[in-house]
Amino acid sequence: MSANLAKPLLEAKAVAKHFGGVKALRDVSLSIRRGEIYGLIGPNGAGKTTFFNCMTGLYVPDGGGFTFDGTPLVADASDKAAARGIARTFQNIRLFGNMTALENVMVGRHVRTRAGVLGAIFQNAATKAEEAAIRQKAIDLLHYVRIEERADDLARNLSYGDQRRLEIARALATDPKLLCLDEPAAGMNATETEQLRELIDGIRRDGTTILLIEHDVKLVMGLCDRVAVLDYGALVIEDVPAVVQKDQRVIEAYLGA
Amino acid sequence: MNFGHFFRSTVGIATLAALLVALPFVAAMGGQAWVRILDFAILYVFLALGLNIVVGLAGLLDLGYIAFYAVGAYTWALLASPHFGLHWPIWAILPIGAGLACLAGVVLGSPTLKLRGDYLAIVTLGFGEIVRIFLNNLNAPINVTNGPQGITLIDPVSFGAFQFSGTTQILGFAISGPQKYYFLLVALAILVVIINLRLQNSRIGRAWQAIREDEIAAKAIGINTRNLKLLAFAMGASFGGVAGGIFAAMQGFVSPESFSLIESIMILAMVVLGGMGHIPGVILGAVLLTVLPEVLRYGVGPLQMALFGKMLADPESLRMLVFGLALVLVMRFKPAGLWPSPVRRRELQETGK
């Protein structure tokens, strides 16, 4: 491995984004280290998801930019972000509803595999081997997030919690270096949230860096190594949970000054 | 009863093969016209399966599909007829036709990449009409397409000395032109079925389905949606081009009239009515929508005579009325198509209650 390892996995430098007159992000700079769980919190409308969308290539930032794994990220190309190793889930779950759970995860392997049309038509040995590997990896991932018994069900028929898990499995199928979860605990009860906490912790232990956007402050504080707080599109603080929790500006942002 | 298992068993395949071989000879008892109807049924199976890649798998609503069929047909017509005095062989024309159609697919595809659903439908509809109007008017200043008169005396399909037009004696059997075309078309249709099946369960096929389901999510997991949509358009168009070539050779005549909007709509109806994205369903849809209007053409008149003793309504107009009604009823009571994929059927049963 290279000297890159010492540097942060992701660096945001003065990222700005406007929607008309609304300044959704004001020069946000932060850095995510390798192997950590990094929490991004803030009140509704603070710009968390906007930041996410800029980073994953869904929006083009109006200023600043991102460096990932030592090289800049190209704006406005979410497929390239995934190829670089950034995978994400969505706040409002976005699965491929009319495909089975297994197929959803198998599609996730797309960016790490190569078979083309000719391979599919002529079914050469390389294509067959790749297809078998895709299937096996997808089955393994369904086991990993513990929804293997739903493999052949349509994604749309899965329970809410299982859909969240399936979305994570699909993201993991792209072999991400950085897994971005946008409010994964939204709408979950206490038991489901606890299971999710274990899952996220497990993913980190298996070597994937995690960026977590979350409303559930308890979950964030218990799980994250470092936390950043956004308010009105600006970064308030970036530090370990114990410090963030006691910060006067954070308390004001959440309770209103 | 499980059709899927039946068709995969050896007995099933043998039965199906025997049926396919016997069919043109059974149809010939009713006259060669019925064999020609069979030919067209298979030709539409081929076309519908080509469109199925674009609409059924990638979810791109294409209302101009007939344009690619037209490109293929005119390629054949221009390269193998007295119009330009060219008589190129099939192995040269068919790939050129497919290639040109493929190119047309990319030309249509590239400006529409950002469009979805109804917007895409309108642009593709316009494209289909543009191609037809071009063919209609490209007879001046240089006469390329011979305008509305069309091109006549087009060479039939032939491999060396073996001609597909006219009757041939094979092993003491007299095999007519339409019957020979039937076997050619069945062979091509089997090929396109295999290609469809293999694509559907492949890396590319899954990516298409992902784009159909949710384009943003597909992009987020690294699918290059632009290239894959173009690929879908190009592949679907190539099949259309091949079908067009065979059509021109079989008919011996092409004119812009054959490539109207209603044709595009009929092929789309075959895909939707049969069961979008489900290959056996699409085949069923194509066969039904080709054969049913013909059965009605010959059946409606005698039926009226038998029921009422006289002709109450003009068979020709009644035929389309019954046909339209049948379409409405199928969509009302079988919204996923006559033969939807098993997963989709289960889905509708679960949510329909």
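**Contacts and burial: a discussion**

Colleague: Which residues does Ala48(B) touch, and what makes them count as contacts?

Modeller: Leaving aside residues up to four places away in sequence, Ala48(B) touches Ile267(B), Met270(B), Val271(B), Val282(B), Gly285(B) and Ala286(B). They count as contacts because in each such pair the C-beta atoms lie within 7 Å. The model is predicted, and the values are computed from it.

Colleague: What place does Ala48(B) have in the largest nonpolar core?

Modeller: That core has 177 residues, and Ala48(B) is among those with the most contacts inside it, together with Leu212(A) and Phe46(B). Helix H3 of chain B, residues 32–57, gives the largest share of this core, 19 residues. In soluble globular proteins, nonpolar side chains tend to be buried together.

Colleague: Why is Gly97(A) called buried, exposed or partly exposed?

Modeller: The count of C-beta neighbours inside 10 Å is 16 for Gly97(A). A buried residue needs 20 or more and an exposed one has 12 or fewer, so Gly97(A) is partly exposed. Gly97(A) lies in the loop between strand E6 (86–88) and helix H3 (101–108) of chain A. Beyond four places in sequence, Gly97(A) touches Leu154(A), Ala155(A), Arg156(A) and, in the other chain, Glu213(B).

Colleague: How do you know to what extent H3(A) is enclosed by the rest of the structure?

Modeller: Eight of the eight residues of H3(A) are buried, so this helix is largely enclosed by the rest of the structure. The buried residues include Leu102(A), Glu103(A), Asn104(A) and Met106(A). Among the elements that cover them are helix H5 (125–144) and helix H6 (160–172) of chain A, together with H8 of chain B.

Colleague: How many residues of each chain meet where chain B is in contact with chain A, and which element of chain B gives the largest share?

Modeller: There are 27 residues of chain B in contact with 31 residues of chain A. On the side of chain B, H8(B) gives the largest share, eight residues. The residues of that side divide into 13 nonpolar, six polar and eight charged.

Colleague: What puts the buried residues of H5(B) on the same side of that helix?

Modeller: The buried residues of H5(B) include Ile93(B), Leu94(B), Ala101(B) and Leu108(B). The buried residues cover an arc of only 165° around the axis, which puts them on the same side of H5(B). On the other side, Trp91(B) and Ala92(B) are exposed. H5(B), residues 90–109, reaches 28 Å from its first C-alpha to its last, close to the 28 Å expected for its 20 residues at 1.5 Å a residue.

Colleague: How do you know that strands E1 and E2 of chain A pair?

Modeller: Pairing requires at least two bridges. Seven bridges join E1(A), residues 10–19, to E2(A), residues 22–32, so the strands pair, and they run antiparallel. Phe19(A) stands opposite Val22(A). The hairpin has two residues between the strands, and in it Gly20(A) takes a positive phi near 60°.

Colleague: Why are Asp175(A) and Asn146(B) placed in their burial classes?

Modeller: Asp175(A) has 14 other C-beta atoms within 10 Å and is therefore partly exposed. Asn146(B) has 20 C-beta neighbours inside 10 Å; buried begins at 20, so Asn146(B) counts as buried. Each has a positive phi in a residue other than glycine: near 50° for Asp175(A) and near 65° for Asn146(B).

How values were computed. Residues are numbered from 1 along each chain as its sequence is written. Chains are lettered from A and ligands numbered from 1 in the order in which they are written. This is a predicted model: local features need pLDDT of at least 70, side-chain atom pairs count only at pLDDT 80 or more; totals for chains, interfaces and linings use all residues. Helices (H or I, at least four residues) and strands (E, at least two) are DSSP runs, numbered from the N terminus. Two residues are in contact if their C-beta atoms, placed from the backbone, lie within 7 Å. A nonpolar core is a set of buried Ala, Val, Leu, Ile, Met, Phe, Trp, Tyr and Cys residues joined through C-beta atoms within 7 Å. Ala, Val, Leu, Ile, Met, Phe, Trp, Tyr, Cys and Pro count as nonpolar, Asp, Glu, Lys and Arg as charged, and the others, Gly among them, as polar. The expected span of a helix is 1.5 Å times one less than its number of residues. The arc is that of the directions from the helix axis to the C-beta atoms.
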